[in-house]
Amino acid sequence: MREVSESVVAAPARPAASYPILIIDDHELFSTSLRMALRSQGFAARQVSLSRLAQVLTTRCPAPAGLVVLDLDLGKDADGNWVNGADLVGRLRSLGWQVLIVSGSVDQPAVGVAIAAGAIGSLTKSSSFENLLETVDRAASGRPVMTERERQGWVQRHRRHLAQHQELARRLSRLSVREREVLALLAEGHRAVAIAERFVVSLTTVRTQIRSVLGKLEVTSQLE
């Protein structure tokens with residue numbers, strides 16, 4: 001993340017020891033290393049496991065300001081469901097936390113969701129610890145970690161992605177149950193002959209269904 005280019009009046013620095021930081025990440029080595037690095041800088045940093053996530057999501061930030069360092073891919077919860085960090089940003093913001101995304105993957109749609117929900121910025125885990133600590137220090141002192149132009153760029157990308165998703169859902173809603181089944185088999189690499197045998201129908205019927213699927217999805221080929 002590049003340094004903020006616009007002129008910004010720095011807020012009074014907050015004593016690091018009074019500034020709480022939660023690290024929500026399922027990678028033990030990274031989160032432990034980050035916690036130790038932040039504590040060496042005097043921050044009140046602690047790790048939060050997935051088993052304690054529900055408690056965090058029901059407790060307000062204990063100080064006027066605090067920061068959550070949040071991974072996007074948090075693995076599976078106790079019920080076996082994948083947990084997406086981007087889905088937690090709005091809840092954390094409503095509890096008074098600032099949220100900084102620090103993820104191992106460059107998932108632009110998910111980052112866009114997080115920024116649109118109120119995350120203050122995003123870094124990859126490939127960034128240096130020096131860069132990460134500097135970014136945390138900016139947040140702790142009340143300074144922005146990205147420009148308004150950068151934030152708006154993320155929000156616009158999120159809106160475009162959302163519009164594409166809604167358009168795809170609209171097209172898919174046109175398909176009948178059988179056409180959805182045919183589409184799923186095509187996506188798995190099955191040919192028309194194999195699909196006809198599977199459903200015990202003629203090859204002509206399957207080809208007609210495929211043409212209908214292409215038309216309703218507004219594409220010109222099976223590959224598309």
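**Exercise 1. The cavity**

How do the residues of the lining of the largest cavity divide into nonpolar, polar and charged?

*Solution.* The structure is a predicted model, in which local features need pLDDT of at least 70, side-chain atom pairs count only at pLDDT 80 or more, and totals for chains, interfaces and linings use all residues. Residues are numbered from 1 along each chain as its sequence is written, and side-chain values use heavy atoms, with hydrogens and water left out.

Step 1. Fix the term: on a 1 Å grid over the protein atoms alone, a cavity is a set of points where a 1.4 Å probe fits but cannot get out, and lining residues have an atom within 4 Å of a point. A volume is the space filled by probe spheres set on the points, which are joined across faces, edges and corners.

Step 2. Searching the whole structure gives one cavity of 30 Å³ or more; the volume of the largest cavity is about 40 Å³.

Step 3. List the lining: F30, V102, L123, T124, K125, S127, S128, F129 and L132. Two or more of the lining residues come from each of β7 (121-124) and α5 (129-140). Such helices (H or I, at least four residues) and strands (E, at least two) are DSSP runs, numbered from the N terminus.

Step 4. Sort by class: Ala, Val, Leu, Ile, Met, Phe, Trp, Tyr, Cys and Pro count as nonpolar, Asp, Glu, Lys and Arg as charged, and the others, Gly among them, as polar. The result is five nonpolar, three polar and one charged.

**Exercise 2. The pocket**

Determine which helices line the largest pocket, and with what classes of residue.

*Solution.* Step 1. A pocket, unlike a cavity, is an open set with protein on both sides within 12 Å along at least five of seven lines. The largest pocket has a volume of about 230 Å³.

Step 2. Its lining comprises 13 residues, with L183, L217, S221, Q222 and E224 nearest the centre.

Step 3. At least two lining residues come from each of α6 (148-172), α7 (177-187) and α9 (203-217).

Step 4. The classes are nine nonpolar, two polar and two charged.

**Exercise 3. The two sides of α9**

On which side of α9 do its buried residues lie?

*Solution.* Step 1. The 15 residues of α9 reach 21 Å from first C-alpha to last, close to the 21 Å expected at 1.5 Å a residue; the expected span is 1.5 Å times one less than the number of residues.

Step 2. Buried means under 20% relative accessible area, exposed over 50% (1.4 Å probe, protein chains only). The buried residues of α9 are V206, Q209, I210, V213, L214 and L217. They cover an arc of only 140° around the axis, and therefore lie on the same side of α9; the arc is that of the directions from the helix axis to the C-beta atoms.

Step 3. T204 and R211 are exposed on the other side of α9.

Step 4. The cover over the buried residues of α9 includes α6, α7 and α8 (192-199). Just after α9, E218 has a positive phi of about 60°.

**Exercise 4. α4 and H158**

Describe the surroundings of α4 and of H158.

*Solution.* Step 1. In α4 (residues 108-116), the buried residues are A110, V111, G112, A114 and I115. They pack against α3 (89-94), β6 (98-103), β7 and α6.

Step 2. H158 belongs to α6 and is buried, at a relative accessible area of 17%.

Step 3. Setting aside neighbours within four places in sequence, H158 is in contact (heavy atoms within 4.5 Å) with G112, V113 and A116.
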